[in-house]
Amino acid sequence: MNTQTPESAGIVDPSAVLDERFKDAISSVLPDLPREQIQTHITPSRQPKFGDFQSNCAMPLAKRFQMQPRELAAKIASAIDVSGIAEPIDESSIAGPGFINITLLPSAISDALGTLDTPELGIIAPDAPPTVVVDLCGVNLAKQMHVGHLRSTVIGDAIARLYERLGYKVVRQSHVGDWGLPIAMVVQKLIEMEADGLDLNLVTLSQLNGMYKKAQAQCKPETRAVQILEKVGGHPKAMAELELRIENASEHLERAKARLVALQSGDEESVRVWQRIYDITMGACLHTCQRLHANVTDEHSAGESTYRDELGSVVQDLIDRNIAEEDDGALIVKCDGIKEPTIIRKRDGGYLYATTDMAAIRRRVQKLGGDILVYCVDSRQSLHFKQVFAAAHKAGYTATSDGHSANLVHAMFGSVMGEDGKPLKSRSGENLNLSDLLDEAVSRAAATLSERNPDIGGDERHQIAESIAMAAVKYADLSIERIKDYVFSFDRMLAFEGDTGPYLLYALVRIRSIFRKAEESGIDTSGIESAPFDLRDPAEKALALKLLRYPGTVEGAGLNHEPNRLCAFAYELASSFSSFFDQCPVLKNDDDALRRSRLRLCQLTGRVLEDALHTLGIPTVERM
RNA sequence: GCCCCCGUAGCUCAGCUGGAUAGAGCACCGGACUUCUAAUCCGACGGUCGCAGGUUCGAAUCCUGCCGGGGGUGCCA
């Protein structure tokens with residue numbers, strides 16, 4: 001009953017076949033219309049009563065050729081040959097203003113599922129895969145990761161994984177903030193503390209973070225306070241105290257500036273301390289990335305410091321070719337359509353982050369071979385990237401080796417908000433530390449787990465809780481539209497019910513449980529991957545149709561840099577499976593052929609769900 | 001001032017290149033566990049898609065204006 005007919009063998013996506021058949025039909029009805037101009041507008045139907053797919057081609061075509069839409073639809077219906085793929089299409093298939101409803105043949109769905117059921121799950125890599133450089137994570141030296149880094153890391157990694165899944169060549173780049181005055185302040189501070197007996201080998205990132213803040217405070221003159229005091233008339237003692245602090249601040253600042261010069265010129269002691277700061281910071285941050293199941297490692301780190309020898313040549317190059325011009329002592333690049341010029345060198349001769357980003361674009365295109373550059377960075381940087389992208393285009397830094405221009409994308413994202421609607425902060429008003437936040441998610445997950453499933457204990461319980469927590473946090477972050485601010489809520493993301501990471505893991509756990517159970521009961525599952533499909537129940541048909549949308553969804557999510565599309569798919573798939581699980585007995589089924597069909601459907605669903613989760617960077621568990 | 005982003009059910013969010021009666025989850029109400037993990041399933045309730053125009057067979061989606069919220073805006077990153 002499931003023999004693949006020659007004409008339907010090899011169908012991955014039925015809508016692709018329907019697309020061809022509709023093009024044939026439309027060509028015969030409208031011979032003057034060039035085939036490559038035909039748009040068949042085939043989409044999955046929203047409601048089962050409208051069939052499985054529909055074509056909305058008749059309305060726009062009728063308009064173009066000044067015909068009645070329903071009349072044209074009728075002509076297409078009588079001309080089309082859907083043999084081997086769908087139920088015959090006739091007048092009764094036409095609905096509303098001219099929708100043509102299509103119901104697939106059961107055999108066509110089965111065949112398509114069979115074609116999907118391969119190691120690559122219907123996703124075919126391009127012959128000549130382009131290179132994508134993904135900018136993500138972007139931690140700063142001497143600072144702990146906070147919620148701001150969560151999104152860049154999680155979304156950036158998901159975008160990278162999507163491209164990898166599509167077969168593109170992916171290069172991750174973490175633009176580490178490891179250069180400049182703030183770092184020099186910490187270096188200076190650390191050198192002073194070391195002189196007082198501090199052992200650098202025992203310093204933690206948390207301590208560095210404190211020093212960073214302290215150093216910044218020490219270098220920040222409180223001139224504003226003096227102005228106010230002068231205005232309202234302050235106590236002489238307070239004035240004296242403040243003036244002393246300003247004096248101290250400028251001393252601290254001078255020492256920091258001197259330290260920066262020393263560091264930049266390669267002074268041995270400065271570099272030694274800087275390296276220690278680097279190691280401490282990256283050790284902790286990369287560990288957090290690992291915990292998040294984000295593929296960000298040492299080899300992906302491309303700190304600002306690595307560009308230090310390129311900044312001068314970039315600036316000189318822009319001057320030589322008259323791309324940049326001097327303005328009020330600064331060096332700027334003007335770009336059409338952007339009012340604000342891009343400043344690439346300050347009046348005092350110093351370089352800015354735009355300069356570094358110009359060098360980074362040049363390296364990423366010309367050295368790393370990037371055809372697409374994706375920046376997964378906060379939306380507040382949108383003007384900056386607009387400027388830098390335009391300046392890089394103007395300078396020709398986006399020219400690829402094959403003569404094309406690289407595509408530069410700012411995959412921006414919104415802020416993480418607290419449940420009060422304000423940016424998420426700790427009780428004391430500081431940025432929320434990311435590893436603390438993850439710890440809390442884990443302990444909440446562990447509490448729920450021991451309540452739901454007390455049988456799981458010890459080490460396994462901890463590991464499962466860790467995975468559930470990461471799945472919850474990451475799914476919450478990935479499943480909403482990137483650009484929007486989102487409200488962070490432990491209660492919602494770890495909820496017992498609903499559209500959450502745990503729900504997806506649970507669906508997978510149930511699938512795995514079926515196979516464990518089958519083994520326990522001695523049910524033979526060997527060769528299940530070639531069992532014929534029998535999709536007699538509406539729930540299994542719905543599940544099958546959902547599965548067929550996987551390759552297209554991954555492509556759409558990847559090329560548009562929108563992981564939330566794949567999240568939505570994963571949720572819908574898990575949901576379809578849950579309905580199926582509820583309505584279609586698998587193991588407790590007397591019909592051996594049907595049981596094998598359903599086992600294969602479970603297996604395929606499990607593979608697709610697992611693949612989707614892996615592509616999103618969400619860990620899975622065996623049981624929960 | 002100028003520029004960018006957002007505004008969909010009480011709450012949190014979907015809605016792919018304009019397509020049928022705008023969909024989920026939470027909350028609330030009613031059902032389903034001697035049955036493959038009920039962190040589940042099924043049903044009910046719930047919306048002037050910020051407002052007003054425009055484009056057209058058709059607009060949450062595209063265009064213009066306005067209102068509300070957020071962000072950015074020449075020498076920090």
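So, N322 is exposed, with a relative accessible area of 65%, where exposed is over 50%, buried is under 20% and partly exposed is in between, using a 1.4 Å probe and protein chains only. You'll find N322 in the loop between helix 11 (308-320) and strand 7 (324-327). For these labels, helices are DSSP runs of H or I with at least four residues, strands are runs of E with at least two, and both are numbered from the N terminus. The odd thing about N322 is its phi, near 60°, a positive value in a residue other than glycine. As a reminder, most residues other than glycine have a negative phi.

Quick housekeeping. This is a predicted model, and local features need pLDDT of at least 70, side-chain atom pairs count only at pLDDT 80 or more, while totals for chains, interfaces and linings use all residues. Residues are numbered from 1 along each chain as its sequence is written, chains are lettered from A and ligands numbered from 1 in the order in which they are written, and side-chain values use heavy atoms, with hydrogens and water left out.

Back to backbone angles: where does C137 sit, the non-glycine residue with a positive phi of about 70°? C137 is in the loop between strand 5 (131-135) and helix 5. Unlike N322, which is exposed, C137 counts as buried, at 4% relative accessibility.

Okay, zooming out. Chain A has 21 helices and 13 strands, and 51% of its 624 residues count as buried. Its C-alpha atoms fill a box of roughly 90 × 65 × 50 Å along the principal axes. Now take contacts, meaning heavy atoms within 4.5 Å. Among those in chain A between residues at least 6 apart in sequence, 75% join residues at least 24 apart.

On domains, the bounds come from an automatic or database domain assignment. That gives domain 1 (14-116), domain 2 (181-295) and domain 3 (434-616). The centres of domain 2 and domain 3, over C-alpha atoms, are 47 Å apart. Their contact takes five residues from domain 2 and eight residues from domain 3.

Let's look at two helices. Helix 7 (residues 205-219) has 15 residues and reaches 21 Å from first C-alpha to last, close to the 21 Å expected at 1.5 Å a residue; the expected span is 1.5 Å times one less than the number of residues. Which residues of helix 7 are buried? They are L205, L208, N209, M211, Y212, A215 and C219. Looking down the axis, those buried residues fall within an arc of 165°, so they line one face of the helix; the arc is that of the directions from the helix axis to the C-beta atoms. The face turned away from that buried side carries the exposed residues K214 and A217. As for partners, the buried residues of helix 7 pack against helix 6 (181-195), helix 9 (236-264) and helix 10.

Helix 14 has 19 residues that should span 27 Å, and its end C-alpha atoms are 27 Å apart, which agrees. Its buried residues include L434, L437, A441 and L449, and the buried residues pack against helix 5 (147-165), helix 10, helix 15 (458-478) and helix 16 (490-493). R452 is also in helix 14 (residues 434-452), but R452 counts as exposed, at 56% relative accessibility.

Last topic, rings. A search of the whole structure finds 11 aromatic pairs. Rings of Phe, Tyr and Trp (its six-membered ring) pair if their centres lie within 6.5 Å, with planes under 30 degrees apart stacked, over 60 edge-to-face and the rest tilted. One of these is W274 with Y278, tilted, at 5.4 Å centre to centre and 35° between the planes. These two are four residues apart in helix 10 (residues 268-291), so about one helical turn separates them. Both W274 and Y278 are buried, and ring pairs link them with W179 into a cluster.

Then there's F577 and F581, with centres 5.8 Å apart and planes at 40°, so that pair is tilted too. They lie four residues apart in helix 20 (residues 563-583), about one turn. F577 counts as buried at 1% relative accessibility, whereas F581 is partly exposed at 30%.

And two arginines to finish. R363 lies over the face of Y307, at 3.8 Å from the ring centre, and the charged end of R362 sits over the ring of Y397, 5.5 Å from its centre. The criterion is NZ of Lys or CZ of Arg within 6 Å of the ring centre and within 35 degrees of the ring normal.
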